[in-house]
Amino acid sequence: MNTPVTDAKDRSFGALIYLFPLVYSLPFGIILLSQFPWLAQFFTPLIAIYGVTNSLPFASLIIFFGLWLGVVRNDKVSQYLRFNAMQAILLNILQILFSLIMGVLVPAFGAQSLISQTLSNTIFMGSVAACFACIFFSVQGKYAELPGISDAASSQIR
């Protein structure tokens, strides 16, 4: 995609939207964050947000539909924000699919097995890397290009 003309407000909100999938990647990182306490300190604000959203019933579903209906399907919102919101939603859907897969694998192999821990850590690190890359590009005012996900996000906002 081309580099859009965005103002500081669009860039800020575009980066802020990626907190949604970033916060919901934390359950995959429990093992890694418990093994590296200094890394857990870095994620402390996100852990607090995760705790608040989990204490509220249906908070993730409300956030999901808020982004979907309030941003992605709203033609009054800039295409840049709509793209970022759709991409964040798709990242979260991918995390949901991974959690379903882990829900099958963890009982089969055990929560402490090497396979379960490796998959959880990989999903966590991949989610964090994707979210940080998207935040970085959003702050710069550029479209973050994630293979497959960006194409799907683009097709949904047109």
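This tour goes through the two largest pockets of the structure, one selection at a time, and the model it uses is a predicted one.

**First stop: the largest pocket**

Begin by selecting Phe20, Tyr24, Pro27, Phe28, Tyr50, Ser60, Leu61, Phe64, Asn92, Gln95, Ile96 and Ser99, the residues that line the largest pocket, whose volume comes to about 230 Å³. Next, colour the helices α6 (59-72) and α7 (79-109), since these are the elements that each give two or more residues to the lining of the largest pocket. Which of the elements gives the most to this lining? With 4 residues, α7 does. If you then colour the selection by residue class, you should find 8 nonpolar and 4 polar residues in the lining of the largest pocket, and no charged ones.

**Second stop: the second largest pocket**

Now clear the selection and pick Phe13, Leu16, Ile17, Leu19, Phe20, Val23, Tyr24, Ile49, Thr53, Ile63 and Leu67, which line the second largest pocket, a space with a volume of about 180 Å³. Keep Phe20 and Tyr24 highlighted as you move between the stops, for they appear in the lining of the largest pocket and also in that of the second largest.

To see where this second lining comes from, show α1 (8-16), α2 (19-23), α5 (44-55) and α6, each of which supplies at least two of its residues. Among the elements, α2 gives the most to the lining of the second largest pocket, with 3 residues. Coloured by class, the lining of the second largest pocket shows 10 nonpolar residues and 1 polar residue, again with no charged residues.

Definitions and conventions
Residues are numbered from 1 along each chain as its sequence is written. This is a predicted model: local features need pLDDT of at least 70, side-chain atom pairs count only at pLDDT 80 or more; totals for chains, interfaces and linings use all residues. Side-chain values use heavy atoms; hydrogens and water are left out. On a 1 Å grid over the protein atoms alone, a cavity is a set of points where a 1.4 Å probe fits but cannot get out, and a pocket is an open set with protein on both sides within 12 Å along at least five of seven lines; lining residues have an atom within 4 Å of a point. Grid points are joined across faces, edges and corners, and a volume is the space filled by probe spheres set on the points. Ala, Val, Leu, Ile, Met, Phe, Trp, Tyr, Cys and Pro count as nonpolar, Asp, Glu, Lys and Arg as charged, and the others, Gly among them, as polar.
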